[in-house]
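Here is an informal walk through one model, with a look at what sits inside, what sits outside and what pairs with what. Have the structure open as you read.

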Amino acid sequence: MGGGAPATTTTTAVAVAMVVVVALLCGGVARAQDMGKEWARPPYRGFFGAPGSMLPQSDVDLLEFPLNLEYLETEFFCWSALGYGLDAIDANLTGGGPPSIGGQSASLTPFVRDVATQFCYQEVGHLRGFPRPLLDISAANFGKIVEQALNATLDPPFNPYENSVNFLIASYIIPYVGLTGYVGANPKLLTPQARKVRACACTAPHGTHAPCSSHVLLLAGLLGVESAQDAVIRTLLYERGMTRVASYGVGVAEITAHISDLRNELGRRGVKDEGLVVAPGQGPEGLTVGNVIAGDHLSLAYDRTPEEILGIVYGTGNPAQHGGFFPQGADGRIARGFLVA
């Protein structure tokens with residue numbers, strides 16, 4: 001190699017390249033003046049809208065809306081597996097939100113309890129953002145949903161905490177709705193970094209700054225975990241497909257089909273949900289009736305909008321009429337927007 005000038009030039013080029021990389025990660029590819037959108041400056045310490053993240057407000061809204069479902073899954077899985085919820089695990093993660101209604105320890109086999117415990121702590125890892133909304137995870141609420149799906153009054157009432165099969169059926173009700181929301185949100189995000197980054201200006205407790213590398217997470221990563229949970233639940237139920245549920249005379253697979261039909265009805269946007277067994281010609285490539293993983297005619301995941309999801313989790317089919325799992329409505333700008341419209 002020659003004298004010092006080339007080395008200096010190389011060093012300068014490397015430094016410039018590093019600055020560019022940092023700018024792309026933390027400053028965003030698109031600038032505010034180019035987007036013509038409202039840029040996020042939320043008052044809370046969230047994954048998606050931390051100060052300096054420069055995400056458009058619409059991206060922050062889409063990314064944080066599923067937090068409603070994450071809170072719901074956390075509370076149900078943790079109470080079922082551990083006998084306590086988020087307040088006992090880390091009260092700071094509740095954001096001061098009200099305690100959930102009706103959670104209790106479920107009577108589970110050691111294997112199912114182990115799975116539920118893993119799900120519980122996975123969901124805890126997803127919680128950053130607005131305060132926990134009021135959630136109803138009572139046996140009575142789940143019982144109403146199953147009766148609504150079956151269009152029948154059950155005696156005794158369905159109780160998700162009674163045994164492992166009932167718990168898995170209740171679990172079938174929740175994660176799939178959230179994962180369809182992630183699928184629906186992805187193509188609507190305006191900025192590439194919104195698909196990749198929780199928060200680049202990483203804020204740790206007490207206002208200190210944590211390394212950004214610890215807070216980077218692909219949106220696909222959230223979708224991946226939710227999809228995996230749903231696949232585990234469906235697989236465990238599929239194995240029990242012909243098992244009769246309590247004294248109802250109805251098989252597990254039949255109940256899942258009814259629950260999926262109910263979600264399609266409440267979502268009001270056609271078929272985006274399928275049970276564990278489908279009619280001939282409707283399985284993968286039209287060649288199976290087994291349907292352990294739900295998908296469209298190309299075996300691609302279905303998508304849902306926030307409007308559809310709210311109608312489902314409220315149990316009303318109407319995003320402006322709260323109820324079901326959310327007695328006072330879901331939180332976040334999108335959900336509140338429907339309630340005040």
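## Salt bridges and their surroundings

E308 counts as buried because its relative accessibility is just 1%; buried here means under 20% relative accessible area, exposed over 50%, and partly exposed in between, with a 1.4 Å probe and protein chains only. Before going on, a word on ground rules: this is a predicted model, in which local features need pLDDT of at least 70 and side-chain atom pairs count only at pLDDT 80 or more, while totals for chains, interfaces and linings use all residues. Residues are numbered from 1 along each chain as its sequence is written, and side-chain values use heavy atoms, with hydrogens and water left out.

Back to E308, which has a salt-bridge partner in R269, with 3.8 Å between the closest N and O atoms. A salt bridge means a side-chain nitrogen of Lys or Arg within 4 Å of a carboxyl oxygen of Asp or Glu. R269 is in the loop between α11 and α12 while E308 is in helix α12, so the pair ties together parts 39 residues apart in sequence. Helices are DSSP runs (H or I, at least four residues), as are strands (E, at least two), numbered from the N terminus. Unlike buried E308, R269 is partly exposed, at 44% relative accessible area. The two also belong to a network of salt bridges that links R269, K272, E307 and E308.

How many salt bridges does a search of the whole structure find? It finds 10, and three of them are set out here.

| Salt bridge | Closest N and O atoms | Acidic residue, relative accessible area | Arginine, relative accessible area |
|---|---|---|---|
| R269 and E308 | 3.8 Å | E308, 1% | R269, 44% |
| D273 and R304 | 3.3 Å | D273, 3% | R304, 1% |
| D331 and R336 | 2.5 Å | D331, 18% | R336, 39% |

D273 and R304 make a salt bridge with 3.3 Å between the closest N and O atoms. Both residues are in the loop between α11 and α12, yet this pair links distant parts of the chain, 31 residues apart. D273 is buried, and R304 is buried as well. In the bridge between D331 and R336, D331 counts as buried, whereas R336 is partly exposed.

## A nonpolar patch

That loop also holds V289, placed between α11 (252-267) and α12 (306-314). Buried or partly exposed, which is V289? V289 is partly exposed, because its relative accessibility is 40%. Together with Y238 and V277, V289 forms a nonpolar patch on the surface, with about 240 Å² of accessible area among the three. Patches take residues with over 30% relative accessible area and no salt bridge, joining like charges within 9 Å and nonpolar side chains (Val, Leu, Ile, Met, Phe, Trp, Tyr) within 5 Å. The areas come from the Shrake-Rupley method with a 1.4 Å probe, and for residues only the protein chains shown count as cover.

## Aromatic rings

Nine aromatic pairs turn up across the whole structure. Rings of Phe, Tyr and Trp (its six-membered ring) pair if their centres lie within 6.5 Å; planes under 30 degrees apart count as stacked, over 60 as edge-to-face and the rest as tilted. F76 and F77 make a tilted pair, 6.0 Å centre to centre with 45 degrees between the planes. F76 and F142 are tilted too, at 4.8 Å and 35 degrees. This second pair links distant parts of the chain, with F76 in helix α4 (residues 67-82) and F142 in helix α7 (residues 139-150), 66 residues apart. F76 and F77 are buried, and F142 is buried too. These rings sit in one aromatic cluster made of F76, F77, F119, F142, Y161, F167 and F325.

## Helix α3 and T94

Helix α3 (residues 57-64) is largely enclosed by the rest of the structure, because seven of its eight residues are buried. Those residues are Q57, D59, V60, D61, L62, L63 and E64. Their cover includes α4, α9 (175-185), α10 (219-239) and α13 (333-340).

T94 is in the loop between α5 (86-90) and α6 (110-124), and counts as buried because its relative accessible area is 4%. Leaving out residues up to four places away in sequence, T94 touches Y71, L86, D87, P131 and R132, where contact means heavy atoms within 4.5 Å.

## Confidence

The mean pLDDT of the chain is 81, and 76% of its residues reach 70 or more; pLDDT is the predictor's confidence in each residue, from 0 to 100. Over residues 1-47 the pLDDT is below 50, and this stretch has 57 contacts in the model beyond near neighbours in sequence. Residues 197-217 also have pLDDT below 50, with 42 such contacts.
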